[in-house]
Amino acid sequence: MNLLSELTSIIESLDIPVETGKLSDIPPDEYIVLVPIHDDYELYADDLPGADIQSVRLSLYTKGNYIRQKNRVLKALLKAGILVIDRLYLGYEQDTGYHHYNIDAENVYGVDLGTEE
Amino acid sequence: MPDDFALRLSRIEHNISGITEKVVEAGGEVAEKIARDELDRVIGSGTKFDSRSTGELKSALGASPVGVDKKGFVNTKIGFSEPRRRRYKAKNEVTNAMIANVIEYGKSGQPAKPFMARAKKKALRLCKQAMIKKFDEEVSKI
């Protein structure tokens with residue numbers, strides 16, 4: 001399991017288009033772009049890490065009510081046990097008509113050396 | 001408590017503000033270097049057209065002088081100096097901080113390249129190490 005796939009399935013369940021890196025299609029009225037921030041190994045023992053910490057930036061763009069949508073996303077993240085480390089409204093883009101809201105999410109996973117995923 | 005140890009503690013207490021400034025400065029140097037590396041990595045990467053970067057944003061990056069903040073903590077900040085060079089037409093509209101913000105958080109149609117968030121994560125451990133090293137160095141001089 002990794003954070004990107006977990007976030008993708010959570011956001012898809014909210015019926016918001018989501019892609020990683022950048023949106024390849026013509027952008028709809030609301031969408032989310034996921035960008036990985038940082039991966040880190042922690043809790044070392046016997047020269048092996050015990051925890052895999054992953055953080056991802058969610059950029060929410062919406063032409064509608066951004067407060068309603070960001071609340072939906074945030075609640076879904078918190079319910080799934082994902083840590084929200086930053087929330088920031090970046091403003092209204094005059095040229096495109098999108099509201100831009102940023103959420104930084106983080107989660108800790110175990111390090112499983114048994115599978116290739 | 002042995003006398004020489006008590007004397008040393010007293011000397012450290014006497015010099016603590018100087019030591020703290022040097023320690024924070026050492027941490028700031030490490031953080032600045034990491035931020036510069038991260039910025040260098042994202043500027044001009046993954047652009048639709050050839051990058052027209054002039055290197056100005058990178059040269060504007062720096063650490064503020066060490067000072068005491070509102071809460072009383074000795075602190076330094078990593079950020080961008082202003083203004084941008086005069087020869088640009090948009091000199092009054094575009095600031096370095098604005099450009100850095102767009103790179104960091106993206107816009108619709110331009111994905112975020114979170115160089116500062118990455119630098120912050122990377123710097124945490126390395127800054128601590130550099131600061132502990134500098135503290136030991138300064139204390140050993142006393």
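In what order do the elements of chain B run from the N terminus on? Select chain B and colour the trace from the N terminus: the elements follow one another as α-α-β-β-β-β-α-α. That path comprises four helices and four strands.

Before going further, please note that this is a predicted model. Colour chain B by confidence next: its mean pLDDT is 87, and 95% of its residues reach 70 or more. For the complex, the predictor gives an ipTM of 0.86 and a pTM of 0.84. Where pLDDT is low, the predicted coordinates should not be read in detail.

Now select residues 3-42 of chain B, which form helix α1. At 1.5 Å a residue, its 40 residues should span 58 Å, and the end C-alpha atoms lie 55 Å apart, so the two values agree. Centre the view on N15(B), where α1(B) has a kink of about 65 degrees. Then move to G44(B), just after α1(B); this residue takes a positive phi of about 75 degrees.

Return to the whole of chain B and view its C-alpha trace along the principal axes, where it spans about 70 × 30 × 25 Å. The radius of gyration of chain B is 20 Å, whereas a compact globule of 142 residues would have one near 14 Å.

Finally, display the surface of chain B. About 9,800 Å² is exposed, and carbon and sulfur atoms supply 55% of that area. Of the 142 residues in the chain, 29% are buried. Among contacts in chain B with a separation of 6 or more, 57% join residues 24 or more positions apart.

Technical notes:
Residues are numbered from 1 along each chain as its sequence is written. Chains are lettered from A and ligands numbered from 1 in the order in which they are written. This is a predicted model: local features need pLDDT of at least 70, side-chain atom pairs count only at pLDDT 80 or more; totals for chains, interfaces and linings use all residues. Side-chain values use heavy atoms; hydrogens and water are left out. pLDDT is the predictor's confidence in each residue, from 0 to 100. Helices (H or I, at least four residues) and strands (E, at least two) are DSSP runs, numbered from the N terminus. The expected span of a helix is 1.5 Å times one less than its number of residues. The bend at a residue is the angle between axes fitted to the seven residues ending there and the seven starting there. The radius of gyration is taken over C-alpha atoms; the globule rule is 2.2 Å times the number of residues to the power 0.38. Buried means under 20% relative accessible area, exposed over 50%, partly exposed in between (1.4 Å probe, protein chains only). Contact means heavy atoms within 4.5 Å. Accessible areas come from the Shrake-Rupley method with a 1.4 Å probe; for residues, only the protein chains shown count as cover.
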